[in-house]
Amino acid sequence: MTGESRRPATWLDVFGAPIAIGLLSVAGLLSALLFGGLGRIFSWVAVSSPVVVSVWIFVGKRRASRRPVA
């Protein structure tokens, strides 16, 4: 520690990513219901985004835990 003060986390720092993922999922569900063609493709991408983000974070945590401490 160098004595630097960190700013406290705001609500956007804490809830920003989950809100964005939720809005993307809702947009994907609505596009699947309301639009055809490209709307359906967008819906697959949007609705699968929470799974992709979860796997990405899980793999990153596993890699970080395997790093040697030197």
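Visitor: Before we start, what do buried, exposed and partly exposed stand for here?
Guide: Buried means under 20% relative accessible area, exposed means over 50%, and partly exposed is in between, with a 1.4 Å probe and protein chains only. Keep in mind this is a predicted model, where local features need pLDDT of at least 70, side-chain atom pairs count only at pLDDT 80 or more, and totals for chains, interfaces and linings use all residues. Residues are numbered from 1 along each chain as its sequence is written, and side-chain values use heavy atoms, with hydrogens and water left out.

Visitor: Fine. How many helices and strands does the protein have?
Guide: Two helices and zero strands. Those are DSSP runs numbered from the N terminus: helices are H or I with at least four residues, strands are E with at least two.

Visitor: And how much of the protein is buried?
Guide: 11% of its 70 residues count as buried. The accessible surface comes to about 6400 Å², and carbon and sulfur atoms hold 71% of that. Those areas come from the Shrake-Rupley method with a 1.4 Å probe; for residues, only the protein chains shown count as cover.

Visitor: Let's pick a residue. Where is Trp11?
Guide: In helix H1, which covers residues 11-34.

Visitor: Is Trp11 buried or exposed?
Guide: Exposed, because its relative accessibility is 58%.

Visitor: Which residues does Trp11 touch?
Guide: Gly16 and Ile19, leaving out residues up to four places away in sequence. A contact means heavy atoms within 4.5 Å.

Visitor: Which residues make the nonpolar surface patch?
Guide: Trp11 joins Leu12, Val14, Phe15, Ile19 and Leu23 in a patch of about 660 Å². Patch residues have over 30% relative accessible area and no salt bridge; nonpolar side chains (Val, Leu, Ile, Met, Phe, Trp, Tyr) are joined within 5 Å, like charges within 9 Å.

Visitor: Speaking of salt bridges, how many are there?
Guide: One. Arg7 pairs with Asp13, and their closest N and O atoms are 2.9 Å apart. The rule is a side-chain nitrogen of Lys or Arg within 4 Å of a carboxyl oxygen of Asp or Glu.

Visitor: How open are those partners, starting with Arg7?
Guide: Arg7 is exposed, at 58% relative accessible area, whereas Asp13 is partly exposed, at 44%.

Visitor: Switching to the other helix: where does Ser43 sit?
Guide: In helix H2, residues 38-66.

Visitor: Why does Ser43 count as buried?
Guide: Because its relative accessibility is 7%.

Visitor: What does Ser43 touch?
Guide: Gly28, Ser31 and Ala32, again not counting residues up to four places away in sequence.
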